[in-house]
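Morning, everyone. Please have a look at the structure on the screen, and then I will walk you through it.

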Amino acid sequence: MADLIDLTVAEAAARIRSGDVSRDEYFDAYREAAAGDSLNAFLWTAEDAAQADLEGTRTGREQRHGEGPLEGIPVAVKDIFCTEGIPTTAGSRILEGYRPPYTATAVRKLHEAGARVLGKANMDEFAMGSSNENSGYGPVLNPWDSGRVPGGSSGGSAAAVAGGLAPCAIGTDTGGSIRQPAALCGIVGMKPTYGAVSRYGMIAFASSLDQCGPLTRNVTDAALILQAVEGRDGCDSTSLGIEGGISLPSREDLTGLSVGVPKELASEAEGIESGVREVFERTVELIEELGGEVSETELPHAPHGISAYYVLAPAEASANLARFDGVRYGLRVDAGDLTEMYEETRAQGFGAEVKRRIMLGTYALSSGYYEAYYGRAQRVRTKIAEDFSKAFERFDFVVTPTSPTVAFKLGAKTDDPLAMYMNDYCTVPMPLAGIPAISIPAGVAQPDGGGPELPVGFQIAGPAFSDSAMLDAALALEGAIGFRRNGGGGAA
Ligand code: GLN
């Protein structure tokens, strides 16, 4: 059993195709592992293979043609993706008991590629958070140290993959929610170009930023998942797919590539732990050893990313979350009249962080303040996108640490929302610009002040639709880093 769990997605798919391992044997190994979940990574797991194959649903009934590239691969699906007939909560008590009448396009495409829904992964409520402590169903624990956070908001997806409860997962990234938990759990996480993957059936947080992407043990597996889920979808008018699709990465060196290190997000960034900084610098040296050309660059407006993001994302969220009113979905708290029913349902159903964002967003959009907050934040967003465009005239990619710190202790930042928001310092500029970015594990480091050695993520960002080229570069770097899960290694 243990050896089945050690296989990467690419290896498992090859063995299933050759008949060496059966689909059900592989699925059962993971079903058992997921059933023993001690990380609170799952909110729901499939009882049997039929359920994982979405049997009895419209997606399950669709004719599949032959074997897909992900034949027999169980996937942990962040609970933000609607799955027909299967509980879907987005980590919120307000959606307790909700069973969607349809399946998200990303999940449907995984099914079409032969994958199976292993379970629905825990997450910060409506994807608002950086530590997975905002889930209405309890925090997720980091498999490297159960006293620490796995990162958020796709913390259940990341912990499941890092903890050997799932071979791969999908999550969503609005300001860093795939890359940051991937970094804190020592796995690969990628936010594709905005529009690469359909948002249909993905419960909306901030629609102009939200993007689905893979969380996997290595870069090749991330490419396999992205290959399956990307594509234009008639149900999402902002989806474009990636022209030519995603090709599997094969690069062994970085010769001919130029890489910029934006000083605002690296040498001049405040709050980066010394261990994280060391791993980052050594990884930059590895890029040079692999033949890449590295020089410092600038993204002058990137330091304002956090301020812009925490106006824009709550503004969009305040509109998107208006639909949870006790009438249409999940929880309803009966009260004297209709208005009171709305109020009571929302008061009881939403957690503190979600309420904070709704208030912030509603305020930023109010007529007297719209220009001062929302309008200005939009202009900052444009400036950040222009900074990246300028950098990409000269560089193929820019690189930064993914998260300023390694995994922190549960409860360490829950009383200080601003300290929590700073976790996203290096990850929010990319979704604001709509560009792709990937985090790969680059080594381990101790937290400032001492403690266990914990994984450190390294972020690579590229121009819109450079997703395949970025995966290719990440593969070469991954090979040189040689990170071993739970075994340290890497550039540290
Ligand atoms: N941590 C950020 C937030 O709380 C990003 C979340 C996300 O990407 N979904 O909004």
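A quick word on naming before we start. Helices (H or I, at least four residues) and strands (E, at least two) are DSSP runs, numbered from the N terminus. With that, S153 can be placed: it sits in the loop between β3 (116-121) and α7 (155-162). The peptide bond leading from G152 into S153 is cis, with omega near 5°.

Now the ground rules. This is a predicted model, where local features need pLDDT of at least 70, side-chain atom pairs count only at pLDDT 80 or more, and totals for chains, interfaces and linings use all residues. Residues are numbered from 1 along each chain as its sequence is written, and side-chain values use heavy atoms, with hydrogens and water left out.

Let's go to the ligand. A residue is near a molecule or strand if one of its heavy atoms lies within 4 Å of it. Which of the 15 residues around the ligand come nearest? They are T174, G175, S177, Y309 and R357.

Next, polar contacts. That term means a pair of N or O atoms within 3.5 Å; within protein, one must be able to donate a hydrogen and the other to accept it, and residues adjacent in sequence count only if both atoms are side-chain atoms. G175 brings a backbone N or O atom to 2.6 Å from a ligand oxygen atom. Y309 uses a polar side-chain atom, 2.6 Å from an oxygen atom of the ligand. R357 also offers a polar side-chain atom, at 2.7 Å from a ligand oxygen. How much of the ligand's 290 Å² does the protein bury? The protein buries 100% of the area that the ligand exposes when taken alone. Those areas come from the Shrake-Rupley method with a 1.4 Å probe; for residues, only the protein chains shown count as cover.

What is the shell made of? It has five nonpolar, seven polar and three charged residues. Here Ala, Val, Leu, Ile, Met, Phe, Trp, Tyr, Cys and Pro count as nonpolar, Asp, Glu, Lys and Arg as charged, and the others, Gly among them, as polar.

On to the core. Two terms first. Buried means under 20% relative accessible area, exposed over 50%, and partly exposed in between, with a 1.4 Å probe and protein chains only. A nonpolar core is a set of buried Ala, Val, Leu, Ile, Met, Phe, Trp, Tyr and Cys residues joined through side-chain atoms within 4.5 Å. The largest one here has 162 residues, and L70, F81, F126 and F458 have the most contacts inside it. Helix α11 (residues 305-320) gives this core its largest share, nine residues.

One residue on that helix is L312. Is L312 buried or exposed? It is buried, because its relative accessibility is 1%. Contact means heavy atoms within 4.5 Å. Leaving out neighbours within four places in sequence, L312 is in contact with Y374, A377, Q378, R381 and L432. From L312 to F392 there are 80 residues in sequence and 25 Å in space, C-alpha to C-alpha.

Next, strand β11 (residues 454-461), where we find Q459. Q459 is buried, because its relative accessible area is 1%. Its side chain makes a polar contact of 2.7 Å with the side chain of R179. Beyond four places in sequence, Q459 also touches residues including T400, C426 and M430. F458 has contacts of its own beyond that range, among them F280, I287 and L477.

Now some loops. E84 sits between β2 (74-78) and α6 (105-112). At 15% relative accessibility, E84 is buried. P101 is 17 residues away in sequence, yet the C-alpha atoms of E84 and P101 are 5.0 Å apart.

T8 is in the loop between α1 (2-6) and α2 (9-18). It counts as buried, at 16%. Outside four places in sequence, T8 touches N218 and D221.

Two backbone angles to finish. N40 has phi near 60°, a positive value in a residue other than glycine. It lies in the loop between α3 (23-35) and β1 (42-45). N40 is partly exposed, because its relative accessible area is 25%. F465, also not a glycine, has a positive phi of about 70°. Its loop runs between β11 and α17 (467-481). F465 is partly exposed, at 39%.
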